[in-house]
Amino acid sequence: MEIGQGRIGSCSKEHEKIYQEWFNFADSDSDGRITGTDATKFFAMSNLSRPDLKQVWAIADSKRQGYLGFKEFIIAMQLVSLAQVGREITFDLLNSNDDFENVKPPVMDGLDILLAKKKHSSKSSDPDINGSSPVQPSIAAQWFSSKSVKKVPLSSVTSIIDGLKRLYLQKLKPLEVTYRFNDFVSPLLTNSDFDAKPMVMLLGQYSTGKTTFIKHLLKRTYPGAHIGPEPTTDRFVVVMSGPDERSIPGNTVAVQADMPFNGLTTFGTAFLSKFECSQMPHPLLEHVTFVDTPGVLSGEKQRTQRAYDFTGVTSWFAAKCDLILLLFDPHKLDVSDEFKRVIYSLRGHDDKIRVVLNKSDQIDTQQLMRVYGALMWSLGKVLNTPEVVRVYIGSFNDKPVNDNATGPIGKELFEKEQEDLLSDLKDIPKKACDRRINEFVKRARAVKIHAYIISHLRKEMPAMMGKAKTQQRLIDNLEDEFAKVQREFHLPRGDFPNVEHFKEVLSGYNFDKFEKLKPKMIQAVDDMLAYDIPELLKNFRNPYD
């Protein structure tokens with residue numbers, strides 16, 4: 001399976017050299033991105049109609065990043081070339097079997113003259129003998145590394161993700177720091193959190209086929225993978241793209257600035273020793289990162305055997321992931337106490353959850369019908385939602401489907417279900433930017449509610465006598481205090497944090513040290529949600545809309 005683009009975007013070395021020169025010319029600020037403004041000027045030389053160019057941009061920027069990188073630019077140029085010879089431009093071309101390597105570069109009216117002028121002017125003005133300029137670090141990376149965050153001008157923002165970084169640093173992060181959001185809910189975001197590839201996490205009891213599922217998608221095993229009927233995967237493994245095959249220990253991964261796993265240091269060395277990153281070159285991993293997890297054991301075994309907060313770790317990954325797959329097999333439908341706690345920890349991320357009934361070819365059609373009903377009954381008790389969760393039925397491994405058990409109807413069903421699940425996975429990179437915005441808005445609302453709670457607790461503290469007693473009373477009656485905050489500021493009850501977890505963290509703090517409510521900071525976040533984010537999306541939509 002290949003996620004993202006098909007053959008389109010591949011071209012000969014000769015054409016790649018031409019496209020590189022064109023890309024450098026079109027990229028007015030030399031940041032490696034062609035924005036809508038750059039594109040409208042450059043694409044106009046193709047003499048295509050506006051509707052055609054609108055479709056070209058929509059397909060090339062299928063991930064809706066708001067800009068074209070070099071690979072997307074090649075796709076755009078190939079689409080322009082096809083449009084010029086009368087081909088209809090549709091999204092089907094992304095998965096087409098056309099010979100794109102031999103698609104000639106499009107005819108760009110007047111481009112040769114402009115390139116010649118640019119070469120002449122650069123020769124006369126460039127002091128560098130070798131004709132190369134030193135590579136500058138990205139502006140966004142400098143924002144996070146600078147000690148004093150100055151106001152970042154809009155002109156330096158060249159994508160939706162860059163815009164979210166700017167808004168986070170200027171408006172949301174100050175509120176998080178003031179009210180210690182990182183201590184209670186989630187660590188402060190870093191540059192790598194915004195730039196990370198989409199992630200898919202696999203959860204389930206042991207031997208439900210989590211590692212085999214990843215192997216099935218990659219068509220090979222990843223470094224350090226162990227597959228067997230016993231509980232083989234004893235650690236969290238992040239499977240991601242890399243230049244060569246290797247495994248990186250958890251403590252090393254957690255301190256690497258270019259990886260989005262710094263927040264895992266809060267779970268301590270006991271967890272980091274059971275965490276590793278498995279890197280390998282693979283076209284699928286260029287678009288998606290997988291998180292393989294230890295099998296959830298039944299009963300109380302886990303709490304006595306594991307020295308780290310397993311539920312807390314899965315909750316942390318759930319917030320970062322774009323898709324969460326809960327794997328079951330027909331012989332392990334029971335939801336143990338530990339698995340129930342893990343599923344509860346996924347609350348707030350219900351839209352990301354998909355259920356996979358794996359190894360379904362081990363039973364016949366009649367048994368499968370009964371197993372499916374039993375699984376839905378078990379999940380209904382745990383998920384507590386009136387909506388029916390999507391369950392994919394299949395056998396996700398490299399072995400052929402067992403026809404003796406399933407029959408022709410079962411085989412056809414498995415193939416359709418597998419196509420649906422793979423289609424869901426293919427959509428992840430395309431929806432990654434939308435998901436980032438969604439998670440950013442969710443975080444902003446959570447930070448606002450957190451600020452209201454903390455400032456309320458500070459306000460309830462007496463000026464002089466009885467501070468310790470008042471603090472304990474507030475912690476004991478925290479649910480009532482949440483209700484007061486909800487009524488005072490007209491907030492939705494479902495957005496409030498877990499009371500028991502909040503109590504646990506609060507017990508280590510002196511409420512007198514908390515900050516009072518700062519309306520200006522709250523207003524800045526309100527303005528960000530009401531005006532800045534919609535304006536950002538408007539600026540980076542399809543330039544031909």
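**Cavities and two buried residues**

Let's start inside. A search of the whole structure turns up 2 cavities of 30 Å³ or more. Keep in mind that this is a predicted model.

Take the largest cavity. It holds about 40 Å³ of space. What lines the largest cavity? Going along the chain, we have Ile 343, Leu 346, Arg 347, Asp 350, Ile 353, Val 382 and Leu 383. Sort that lining by class and you get 5 nonpolar residues, 2 charged and no polar.

Now the second largest cavity. Here the space is about 30 Å³. Its lining is Thr 178, Tyr 179, Arg 180, Ile 454, Phe 514 and Glu 515. How does this lining divide by class? We count 3 nonpolar, 1 polar and 2 charged residues.

Step back to the whole protein. There are 21 helices and 10 strands. The chain has 545 residues, and 49% of them are buried. On the outside, the accessible surface is about 27000 Å². Carbon and sulfur atoms account for 51% of that surface.

What about contacts along the sequence? Consider those between residues at least 6 apart. Of these, 78% join residues at least 24 apart.

Next, two single residues. First on my list is Ser 186. Where is Ser 186 found? It sits in a loop, between helix H8, residues 181–184, and helix H9, residues 191–195. Is Ser 186 buried or exposed? Its relative accessibility is 17%, so Ser 186 counts as buried; the cut-off for buried is under 20%.

Who does Ser 186 touch? Leave out residues up to four places away in sequence, and the partners are Phe 181 and Arg 443. With Arg 443 there is a polar contact, side chain to side chain, at 3.0 Å. If you have the structure open, put Ser 186 and Arg 443 on screen together and look at that pair.

My other residue is Leu 536. This one is in helix H21, which covers residues 519–539. Why does Leu 536 count as buried? Because its relative accessible area is 6%, and buried means under 20%.

Leu 536 also gives us a pair to look at across the sequence. Its partner here is Ser 159, 377 residues away along the chain. In space, the C-alpha atoms of Leu 536 and Ser 159 are separated by 8.7 Å.

To recap: 2 cavities of 30 Å³ or more, a buried loop serine at 186, and a buried helix leucine at 536. That's my part done.

Technical notes
Residues are numbered from 1 along each chain as its sequence is written. This is a predicted model: local features need pLDDT of at least 70, side-chain atom pairs count only at pLDDT 80 or more; totals for chains, interfaces and linings use all residues. Side-chain values use heavy atoms; hydrogens and water are left out. On a 1 Å grid over the protein atoms alone, a cavity is a set of points where a 1.4 Å probe fits but cannot get out, and a pocket is an open set with protein on both sides within 12 Å along at least five of seven lines; lining residues have an atom within 4 Å of a point. Grid points are joined across faces, edges and corners, and a volume is the space filled by probe spheres set on the points. Ala, Val, Leu, Ile, Met, Phe, Trp, Tyr, Cys and Pro count as nonpolar, Asp, Glu, Lys and Arg as charged, and the others, Gly among them, as polar. Helices (H or I, at least four residues) and strands (E, at least two) are DSSP runs, numbered from the N terminus. Buried means under 20% relative accessible area, exposed over 50%, partly exposed in between (1.4 Å probe, protein chains only). Contact means heavy atoms within 4.5 Å. Accessible areas come from the Shrake-Rupley method with a 1.4 Å probe; for residues, only the protein chains shown count as cover. A polar contact is a pair of N or O atoms within 3.5 Å; within protein, one must be able to donate a hydrogen and the other to accept it, and residues adjacent in sequence count only if both atoms are side-chain atoms.
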